[in-house]
Amino acid sequence: MRLDLRELIVNPEARLPFRTELETDMLSFPSVKKYLSPPRAEGIVFSEAGILRAEGTITAEMLCICDRCGQEFESVKETDVDAVIVQEESEEYPEFFALQGTVLDLQELLSTCLILDMETKFLCREDCKGLCARCGRNLNLGPCGCGKEIDPRFQVLGQLLDKESSTEEN
């Protein structure tokens, strides 16, 4: 979606609301299996003290894969948008979004905001226990039968304990 901001540039009192759905082809993440619906964005573009700004929210409903246990889960991501829009690109301020003439590429601005706010790890729940490193059992479903792993440096001590317990039994 492209917004012509000519009216905002000429009339600083003007406000331009927007409501759009984002294209998901630029929004691929390894742990996002699919979007349950296109991410929705709504907000407003306005002039504040001669500076153009975009404010709003993006809502993305996703089917994700947990990075610890591998289970699928649904997640809703809410991202606040607060972006500064400038007339020309600047290496000094790479976080600002540049107009192309008087036109703003709203899809690029919103996609960038969502990408920058996305989690680096997707977890099905905050306290996900993950998988057993030896047998692969999902530890969220309960303990596995592997028992506690002994540090290889202490295996000799374990053998001594086994010998001691066997002599006590005799």
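# Notes on the predicted model: strands, core and pockets

1. Let me start with Lys34, which counts as partly exposed because its relative accessibility is 46%. Lys34 belongs to strand 3. Setting aside neighbours within four places in sequence, Lys34 has contacts with Met62 and Leu63. Its C-alpha is 17 Å from that of Ile58, and the two residues are 24 apart in sequence. Please keep in mind as you read on that this is a predicted model.

2. Next, the strand 5 and strand 6 pair. Strand 5 covers residues 51-65 and strand 6 covers residues 72-86; the two run antiparallel and are joined by 14 bridges. One handy landmark for your viewer is Gly56, whose bridge partner in strand 6 is Val81. The two strands make a hairpin with six residues between them. In that turn, Gly70 has a positive phi of about 80°.

3. Strand 4 also pairs with strand 5, again in the antiparallel sense, over nine bridges. Here Arg40 stands opposite Thr59 in strand 5. These strands form a hairpin too, with two residues between them. Its turn holds Ala49, which has a positive phi of about 55°, so you may like to look at Ala49 alongside Gly70.4. On its other side of the pairing list, strand 4 joins strand 2 (residues 15-21) through seven bridges, and this pair is antiparallel. Leu16 stands opposite Val45 of strand 4. Strand 6, for its part, is joined to strand 7 (residues 97-98) by two bridges, and these two strands run parallel. In that pair, Val86 is opposite Ala98 in strand 7.

5. Which residues touch the most other members of the largest nonpolar core? They are Leu5, Val45, Ile58, Met62, Ile85, Leu109 and Leu110, out of 35 residues in the core. Strand 3 (32-35), strand 4 (40-48), strand 5, strand 6 and helix 2 each give two or more residues to this core. The largest share, six residues, comes from strand 5.

6. Ile85 deserves a look of its own. Leaving out neighbours within four places in sequence, Ile85 is in contact with Leu5, Val45, Leu52, Arg53, Ala54, Phe97, Leu99, Leu104 and Leu109. Among these partners, Leu5, Val45 and Leu109 are also on the list of core residues that touch the most other members.

7. Is Ser111 buried or exposed? Ser111 is buried, because its relative accessible area is 0%, and the cut-off for buried is under 20%. Ser111 sits in helix 2. Apart from neighbours within four places in sequence, the contacts of Ser111 are Leu22, Met26 and Leu27.

8. Asp4 makes a useful contrast to Ser111. Asp4 is partly exposed, because its relative accessible area is 39%, a value that falls between the 20% and 50% limits. This residue lies in strand 1 (residues 2-4). Asp4 touches Leu16, Thr102 and Val103, not counting residues up to four places away in sequence. Asp4 and Leu106 are 102 residues apart in sequence, with 10 Å between their C-alpha atoms.

9. Now for the pockets. The largest pocket holds about 210 Å³ of space. Its lining has 15 residues, and Glu89, Phe96, Phe97, Ala98 and Glu108 lie nearest the centre. Strand 7, strand 8 (103-105) and helix 2 (106-117) each give two or more residues to this lining. By class, the lining residues are nine nonpolar, two polar and four charged.

10. The second largest pocket has a volume of about 160 Å³. There are 13 residues in its lining, with Glu95, Phe97, Thr112, Cys113 and Leu116 nearest the centre. Strand 6 and helix 2 are the elements that give two or more residues to this lining, and strand 6 has the largest share, with five residues. The lining divides into seven nonpolar, two polar and four charged residues.

11. A last pointer for your viewer: Phe97 is worth selecting. Phe97 is among the residues nearest the centre of the largest pocket, and among those nearest the centre of the second largest pocket. Phe97 is also one of the contacts of Ile85.

Key. Residues numbered from 1 in each chain as written. Predicted model: local features only at pLDDT ≥ 70, side-chain atom pairs only at ≥ 80, totals over all residues. Heavy atoms only, no water. Pairing = 2+ DSSP bridges. Helix = DSSP H or I, 4+ residues; strand = E, 2+ residues; numbered from the N terminus. 1 Å grid on protein atoms, 1.4 Å probe; cavity = no way out; pocket = protein on both sides within 12 Å on 5 of 7 lines; lining within 4 Å. Points joined across faces, edges and corners; volume = space filled by probe spheres on them. Nonpolar A, V, L, I, M, F, W, Y, C, P; charged D, E, K, R; others polar. Core = buried A, V, L, I, M, F, W, Y, C linked by side-chain atoms within 4.5 Å. Buried < 20%, exposed > 50% of the residue type's maximum accessible area, 1.4 Å probe, protein only. Contact = heavy atoms within 4.5 Å.
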